[in-house]
Amino acid sequence: MADNKEKQSRNDTSKNFDSLPQGSEFLTYKGKPLVRCKDCLYYGSMLDDYVVKITVESKKVQNGLEIADKLLVQLMSTKQTTDIKKLVVNYAYKENLYMAMDLADAWLSRALGKTGKDKEDTP
């Protein structure tokens with residue numbers, strides 16, 4: 001019973017970011033939060049069952065700008081567990097941020113049970 005309430009709470013919070021206190025708004029990509037911390041990007045809500053972590057493994061200089069050229073994309077469970085190996089559900093390496101974000105959105109949508117439509121819209 002408590003698990004159902006927790007899941008419902010997670011779903012309500014992840015769908016409605018307008019309820020966040022003023023000043024704590026997140027940058028979003030395709031309706032999901034995107035948070036950067038140094039060379040790591042976290043895509044998705046920590047209140048959901050899964051998030052994606054994108055780590056910049058290496059960079060190159062192109063036209064005077066640093067560009068990520070090797071990114072590690074990891075689909076991770078947010079459930080509390082002591083075994084770190086069980087947290088990472090899937091991983092892949094990508095050559096640019098566009099490809100990494102595209103894969104991250106596909107994995108996260110699939111893991112959260114969405115296929116482009118909200119479950120409520122399905123007949």
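This briefing describes the fold, the charged pairs, the cysteines and some individual residues of one protein chain.

The model is predicted. The chain contains three helices and six strands, and these elements follow one another along the sequence in the pattern α-β-β-β-β-β-α-β-α. Four salt bridges are found in a search of the whole structure, while the number of disulfides is zero.

**Fold and surface**

- Of the 123 residues in the chain, 29% are buried.
- The chain exposes about 9,100 Å², and 50% of that area is supplied by carbon and sulfur atoms.
- When contacts between residues at least 6 apart in sequence are considered, 40% of them join residues that are at least 24 apart.

**The salt bridge between D105 and K30, and its network**

- D105 and K30 form a salt bridge in which the closest N and O atoms are 3.5 Å apart.
- This pair links distant parts of the chain, since D105 belongs to helix α3 (residues 97-111), whereas K30 lies in the loop between β1 (27-29) and β2 (32-37), and the two residues are 75 apart.
- The two partners differ in their surroundings: D105 is buried, with a relative accessible area of 11%, whereas K30 counts as exposed at 52% relative accessibility.
- K32 also belongs to this group, as K30, K32 and D105 are linked in a network of salt bridges.

**The salt bridges of K59**

- K59 meets D39 in a salt bridge between their side chains, with an N to O distance of 3.2 Å.
- Because D39 lies in the loop between β2 and β3 (40-43) and K59 in strand β4 (residues 50-62), this pair ties together parts of the chain that are 20 residues apart in sequence.
- Both residues of this pair have intermediate accessibility: D39 counts as partly exposed at 34% relative accessibility, and K59 likewise counts as partly exposed, at 40%.
- The side chain of K59 also meets that of E66 in a salt bridge, here with an N to O distance of 3.6 Å, and E66 counts as exposed at 58% relative accessibility.

**Cysteines without a disulfide**

- C37 takes part in no disulfide, and the nearest cysteine sulfur, which belongs to C40, is 6.8 Å away.
- Seen from the other side, the cysteine sulfur closest to that of C40 is the one in C37, and the 6.8 Å between them is too far for a bond; the cut-off that matters here is 2.5 Å between the sulfur atoms.
- The two cysteines also fall into separate accessibility classes, with C37 counting as partly exposed at 49% relative accessibility and C40 being buried, with a relative accessible area of 16%.

**T55 and its contacts**

- T55 is found in strand β4, and this residue is buried, with a relative accessible area of 16%.
- If neighbours within four places in sequence are left aside, T55 is in contact with D39, C40, K70, L71 and L72.
- Two of these contacts recur elsewhere in this briefing, namely D39, which meets K59 in a salt bridge, and C40, which is buried.

**Aromatic rings**

- The structure holds one aromatic pair.
- K70, which is among the residues in contact with T55, lies over the face of Y93, at 5.0 Å from the ring centre.

**Backbone angles of K38 and N63**

- Most residues other than glycine have a negative phi.
- K38 has a phi near 55 degrees, which is a positive value in a residue other than glycine.
- K38 is found in the loop between β2 and β3, and this residue is exposed, with a relative accessible area of 69%.
- N63 likewise has a phi near 55 degrees, again a positive value in a residue other than glycine.
- The place of N63 is in the loop between β4 and β5 (65-77), where this residue counts as exposed at 76% relative accessibility.

Key: Residues numbered from 1 in each chain as written. Predicted model: local features only at pLDDT ≥ 70, side-chain atom pairs only at ≥ 80, totals over all residues. Heavy atoms only, no water. Buried < 20%, exposed > 50% of the residue type's maximum accessible area, 1.4 Å probe, protein only. Helix = DSSP H or I, 4+ residues; strand = E, 2+ residues; numbered from the N terminus. Contact = heavy atoms within 4.5 Å. Areas by Shrake-Rupley, 256 points an atom, 1.4 Å probe, with all protein chains shown as cover. Phe/Tyr/Trp six-rings, centres within 6.5 Å; stacked < 30°, edge-to-face > 60°. Lys NZ or Arg CZ within 6 Å of the ring centre and 35° of its normal.
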